[in-house]
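Me: Please take a close look at one residue of the structure below, asking how enclosed it is and what it touches, and then carry the same kind of reading outward to other parts. I would like one connected account rather than a list.

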Amino acid sequence: MVYHWTVLTHPADLKLKIVAQTKAELFEGALEAMAHVLTKEPFPSSFSLQQELNLSSVNLATLLVDFLNEVLAQSEIEQAVFPRLQIKHLTDTQLQAQIFGFKIEQFQTQIKAVTYHQVKITQNSQGKLEIIILFDL
Amino acid sequence: MIKKEDLHQITEYLWEIPKSFNPKMLVPARFYASQKLLNEILQDKSLEQLVNVCSLKGIQKYGLALPDIHEGYASPIGGVAALKVEDGVISPGMQGYDINCGMRILTSPYQEKEIRPYLERLVDQISRDIPSGLGQGRETKLTLTQLDKILEGGAYQLVKEGYGDEEDLEYCEAGGYLKGAEAGVVSDLAKKRGQAQLGTLGAGNHFLEIQVVNQIFQPEIAQVFGLFLKQVVLMIHTGSRGLGHQVATDYIKEFLPLSEKYYLNLVDPEFACVPFQSPEGQACFKASQAAANYAWANRQLISYYLRKAWQKVLGERDNTLQVLYDVAHNIIKLEEYQLEGKKTLLAVHRKGATRSFPPGHPEIPLKYRAVGQPVLIPGSMGSPSYVLSGTEEAEASFYSACHGAGRVMSRHQALKKISGQELKQKLSRQGILVKVNYLAGLPEEAPWAYKDINEVVEVVTQAGLAQKVAELKPLAVIKG
């Protein structure tokens with residue numbers, strides 16, 4: 001696991017910074033971070049839910065936001081949290097992946113949407129990839 | 001960060017950031033604030049975001065913000081952009097994800113002392129009958145055919161099916177539905193999210209409150225609105241739930257690759273937009289109206305269950321709750337304004353701003369037409385809410401007033417200040433009963449996480465955007 005995330009200050013919503021070594025790990029880290037926002041329940045060792053996703057977007061940053069929004073919608077429909085993914089194909093504009101999740105009783109936080117607000121991926125001084133994502137609560 | 005020196009003071013409560021401040025601005029930015037609120041506003045990035053609003057193609061006069069302005073995403077919350085329909089854009093991010101998040105007040109004929117003995121039972125019954133909370137839906141899902149009817153018929157469709165009276169529609173903005181809505185341009189995913197959520201409150205800052213009229217400022221207008229001192233009223237704050245969130249997400253995503261096609265330079269991808277008159281823009285507007293209809297239907301169905309709960313506790317014959325008004329604060333509406341001597345059709349994007357039509361406006365119910373539209377402003381649990389009335393001077397703000405107090409403290413910080421249990425007890429000592437699904441999250445919406453609502457409303461009043469009619473104090477709060 002070569003990613004981590006931190007909560008940044010925002011007066012109304014939730015701002016997360018995700019740092020990872022690779023593009024794939026950035027997606028993994030962002031997904032896990034969102035799952036931790038949605039529930040405080042510990043993640044099980046095996047997952048009862050599995051879904052296929054096939055997405056395309058204009059760049060890697062918006063692709064990541066699209067991906068999280070898609071997972072968020074599935075979370076609400078299934079009343080579930082999806083903390084893991086397996087990437088089959090990832091380019092700067094396309095993603096094919098499987099997500100894995102589990103049913104929960106109640107969400108801890110309601111995320112209305114993952115926003116595109118000033119979203120971009122940068123490289124930090126250690127050569128790692130960074131993205132700051134604002135979640136509308 | 002924008003500093004006080006960058007601002008030009010127009011009146012005691014009106015400030016301007018001139019167009020020369022940033023080359024991307026097509027018009028100046030204006031906002032309403034007292035000195036005290038100004039100091040708070042300067043602490044976050046809301047004015048930078050307001051400057052960005054001024055770059056939207058087709059924007060008229062100025063990008064505008066109300067005194068409850070705070071940092072959001074793309075536009076600040078508490079922002080208004082009036083975009084010319086003829087050659088301007090439509091921007092779902094300038095409306096927000098919770099399409100037609102709004103307020104409804106129902107009045108009762110009872111005084112506080114008559115309801116106090118039943119308060120706890122009322123709160124229990126209401127919270128049993130109206131699901132609230134994080135992702136909470138109803139056990140029975142709407143079929144897709146039923147849902148499509150709601151998307152195109154809003155509260156009107158529900159009243160037709162027996163979930164309310166025709167009078168409810170008379171006192172609802174737009175009669176409870178926008179005729180331009182089209183279910184066919186709402187995605188399957190959005191519909192899937194909406195199937196089980198009609199008649200539910202949701203979480204976050206959404207709530208249902210039992211309140212008492214604590215002060216009357218304009219007795220004649222209050223009488224027209226059916227309000228009297230010590231009267232018990234019910235306030236509903238919710239919107240279009242997951243369906244609306246998905247509609248906004250879908251169209252922002254769809255618009256992102258279209259900026260090149262339409263030669264639009266975006267200062268922030270969240271402002272993704274297309275010309276209002278383009279096929280994509282028209283589809284977005286139709287979908288947005290469908291989501292707005294869902295929100296009106298949501299507040300209508302909640303009112304239906306609220307009336308049932310009321311009857312269960314106070315007696316089957318007690319069908320006494322009447323809609324005072326229902327108004328959106330996140331919405332895109334077509335409105336006509338006189339600009340440079342010509343009637344001009346504008347797509348007014350309100351993101352955290354309440355419409356405030358003046359006396360005589362044809363879109364106000366006949367009963368209220370002489371006094372102006374009721375403007376419903378929620379407080380936050382321990383703090384008061386207000387009923388205002390629209391004024392002619394509000395034309396300066398494209399007939400918009402504030403939509404609440406506006407946050408000053410992050411949810412994270414608010415949670416650190418006090419526990420849910422402590423806050424519940426504190427409110428209980430003030431005579432406010434709290435019923436909440438997720439107690440640990442309660443402090444996120446504590447009164448001190450927001451600006452002083454009294455100050456915000458005072459600025460709105462002093463600036464002439466609306467006038468104070470009544471102050472409402474919470475007796476009980478039901479939250480997700």
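Reply: E393(B) is partly exposed, because 15 other C-beta atoms lie within 10 Å, a count that falls between the limit of 12 or fewer for an exposed residue and that of 20 or more for a buried one. This reading, like those that follow, comes from a predicted model. E393(B) sits in the loop between β16 and β17 (400-401) of chain B, and, once its neighbours within four places in sequence are left aside, the residues in contact with E393(B) are G464(B) and L465(B). T200(B) offers a reference point for scale: E393(B) and T200(B) are separated by 193 residues in sequence and, C-alpha to C-alpha, by 36 Å in space.

Strand β16 also leads to a second loop residue. P378(B) is found in the loop between β15 (374-377) and β16 (385-390) of chain B, and P378(B) is buried, since 28 other C-beta atoms lie within 10 Å. Setting aside neighbours within four places in sequence, the contacts of P378(B) are M103(B), M235(B), H237(B), S385(B) and G404(B). For P378(B) and K19(B), a sequence separation of 359 residues goes with a C-alpha to C-alpha distance of 33 Å.

Two further residues of chain B are of interest for their backbone. Most residues other than glycine have a negative phi. A74(B), however, has a phi near 60 degrees, a positive value in a residue other than glycine; A74(B) lies in the loop between β4 (63-73) and β5 (75-84) of chain B, and A74(B) counts as buried because there are 30 C-beta neighbours inside 10 Å. R241(B) likewise has a positive phi without being glycine, with a value near 55 degrees, but R241(B) lies in helix α9 of chain B. R241(B) counts as buried, with 31 C-beta neighbours inside 10 Å.

The helix that holds R241(B) can be read as a whole. Helix α9 (residues 241-255) of chain B has 15 residues, which at 1.5 Å a residue should span 21 Å, and the end C-alpha atoms are 22 Å apart, so the two figures agree. Of these 15 residues 14 are buried, so α9(B) is largely enclosed by the rest of the structure.

Elsewhere in chain B, helix α10 (residues 279-314) packs with two other helices. Helix α5 (residues 144-160) of chain B meets α10(B) at an angle of about 25 degrees, with the axes 7 Å apart. Since angles under 35 degrees count as roughly parallel, α5(B) is roughly parallel to α10(B), and the crossing of α5(B) past α10(B) is left-handed. On the α5(B) side the contact includes I150(B), L151(B) and L158(B), and on the α10(B) side it includes Y294(B), W296(B) and L301(B). By class, the residues of this contact of α5(B) with α10(B) are 10 nonpolar, 5 polar and 1 charged.

The second partner is helix α4 (residues 119-129) of chain B, which packs with α10(B) at an angle of about 140 degrees, the axes being 9 Å apart. That makes α4(B) oblique to α10(B), and α4(B) passes α10(B) in a right-handed crossing. The residues in this contact are R121(B), L122(B), Q125(B), I126(B) and D129(B) from α4(B), together with Y305(B), L306(B), K308(B), A309(B), K312(B) and V313(B) from α10(B). The contact of α4(B) with α10(B) comprises 6 nonpolar, 1 polar and 4 charged residues.

The remaining points concern chain A. The contact between the chains involves 29 residues from chain A and 38 residues from chain B. On the side of chain A that touches chain B, α2 (60-78) and β8 (129-136) of chain A each supply at least two residues, and α2(A) gives the largest share, 6 residues. The residues of that side of chain A divide into 12 nonpolar, 12 polar and 5 charged.

Both α2 and β8 of chain A, along with β1 (3-8), β2 (14-20) and β4 (80-90), are also elements against which the buried residues of α1(A) pack. Those buried residues include L26(A), F27(A), L31(A), M34(A) and L38(A), and E28(A) is also one of them. For helix α1 (residues 23-38) of chain A, the 16 residues at 1.5 Å each should span 22 Å, and the end C-alpha atoms are 23 Å apart, which agrees.

Note on methods
Residues numbered from 1 in each chain as written. Chains lettered and ligands numbered in written order. Predicted model: local features only at pLDDT ≥ 70, side-chain atom pairs only at ≥ 80, totals over all residues. Axes fitted to C-alpha atoms, helices over the stretch in contact; angles between N-to-C directions. Helix = DSSP H or I, 4+ residues; strand = E, 2+ residues; numbered from the N terminus. Parallel < 35°, antiparallel > 145°, perpendicular 65-115°, else oblique. Left-handed = near helix turned anticlockwise from the far one by under 90°. Contact = placed C-beta atoms within 7 Å. Nonpolar A, V, L, I, M, F, W, Y, C, P; charged D, E, K, R; others polar. Expected span 1.5 Å × (residues − 1).
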